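Visitor: I'm new to this one. Can you walk me through it?
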Amino acid sequence: ASRNQLLRVWNIETKTMLKTWRAHDAPIASMAFDSTGKLLITGSADHTAKVWDVAKGYCTHNFRHSFGVVDLVTFTKANKSLYAITCQVIHVWDLYASKESQLIAELKGHLNSVTSLCMCNDNLLLSSSRDKTVILWDLSSGTQLKTFVVYEAIECIKVIPKSFYPGLGLQPKRDDVYVALSGERGLVHICRIRGGMEGTKRMYQYENLIDSINDNELMKSEITLVKSLGGLSF
């Protein structure tokens with residue numbers, strides 16, 4: 001992210017700047033690429049999120065929030081479409097829809113700042129907050145599936161890659177999702193979100209499995225995990 005309004009594209013090998021352009025009218029607070037690496041979304045203090053064609057350097061979509069800095073952005077593919085997710089208040093935008101129909105959901109559930117977003121799969125979104133909760137959302141219906149109380153203001157949440165399961169001693173069942181949380185206590189927590197059927201209704205449970213307090217071996221594993229995930233905030 002940038003402290004000014006400019007976007008710059010660099011060649012890492014030659015350490016040369018390829019292009020630069022003015023993206024927003026206020027500092028850029030967040031950005032993320034889609035899975036192809038062709039589209040970039042930026043969030044700004046000017047209350048907008050913009051989607052960019054990186055190669056051509058032009059704006060394909062401009063999403064406006066009514067207030068606040070757009071300090072979290074991400075992409076996901078769902079329902080055969082490409083969604084952009086932006087917040088403070090979580091908005092879900094359909095990039096394939098007409099301009100009037102692009103905002104398909106406004107996900108309200110947290111009582112304090114949303115601090116992190118991560119996708120469990122194409123349709124399931126996890127959001128964390130300083131209100132000491134983690135919420136699981138279904139993007140296909142725009143509904144809140146479950147609120148998990150975690151008794152700690154959470155700053156970051158990441159889904160754990162399957163390659164880390166053996167080193168952390170995780171033995172998942174079919175519908176398990178493992179996540180790493182970090183927050184105000186300065187710890188990394190490894191947690192499991194387990195989905196299952198109760199009659200005809202799908203239910204979700206949250207379990208805190210292990211954390212880094214007084215555990216040097218776990219800390220070594222988690223330091224490697226943090227580096228792989230691109231850094232968790234403490």
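Guide: A term to begin with: a residue counts as buried when its relative accessible area is under 20%. By that cut-off, buried residues make up 46% of the 234 residues in the chain. Keep in mind that this is a predicted model.

Visitor: How many helices and strands does the chain have?
Guide: There are 2 helices and 18 strands.

Visitor: And what about the surface, how much area does the chain expose?
Guide: About 12,600 Å², with carbon and sulfur atoms supplying 50% of it.

Visitor: Switching to pockets. What is the volume of the second largest pocket?
Guide: Its volume is about 310 Å³. The pocket is lined by 18 residues, and the closest to its centre are Cys-120, Arg-174, Asp-175, Asp-176 and Val-177.

Visitor: Which strands supply at least two residues each to that lining?
Guide: Strand E16 (176–183), strand E17 (188–198) and strand E18 (201–211) each do. By class, the lining has 10 nonpolar, 2 polar and 6 charged residues.

Visitor: Now aromatics. How many aromatic pairs turn up in the whole structure?
Guide: A search finds 4. One of them joins Tyr-165 and Tyr-178, edge-to-face, at 5.1 Å centre to centre and 70 degrees between the planes.

Visitor: Which parts does that pair tie together?
Guide: Tyr-165 lies in helix H1 (residues 165–168) and Tyr-178 in strand E16, so the pair links parts that are 13 residues apart in sequence.

Visitor: Is Tyr-165 buried or exposed? And Tyr-178, buried or exposed?
Guide: Tyr-165 is buried, because its relative accessible area is 10%. Tyr-178 is buried too, with a relative accessible area of 1%.

Methods. Residues numbered from 1 in each chain as written. Predicted model: local features only at pLDDT ≥ 70, side-chain atom pairs only at ≥ 80, totals over all residues. Heavy atoms only, no water. 1 Å grid on protein atoms, 1.4 Å probe; cavity = no way out; pocket = protein on both sides within 12 Å on 5 of 7 lines; lining within 4 Å. Points joined across faces, edges and corners; volume = space filled by probe spheres on them. Helix = DSSP H or I, 4+ residues; strand = E, 2+ residues; numbered from the N terminus. Nonpolar A, V, L, I, M, F, W, Y, C, P; charged D, E, K, R; others polar. Phe/Tyr/Trp six-rings, centres within 6.5 Å; stacked < 30°, edge-to-face > 60°. Buried < 20%, exposed > 50% of the residue type's maximum accessible area, 1.4 Å probe, protein only. Areas by Shrake-Rupley, 256 points an atom, 1.4 Å probe, with all protein chains shown as cover.
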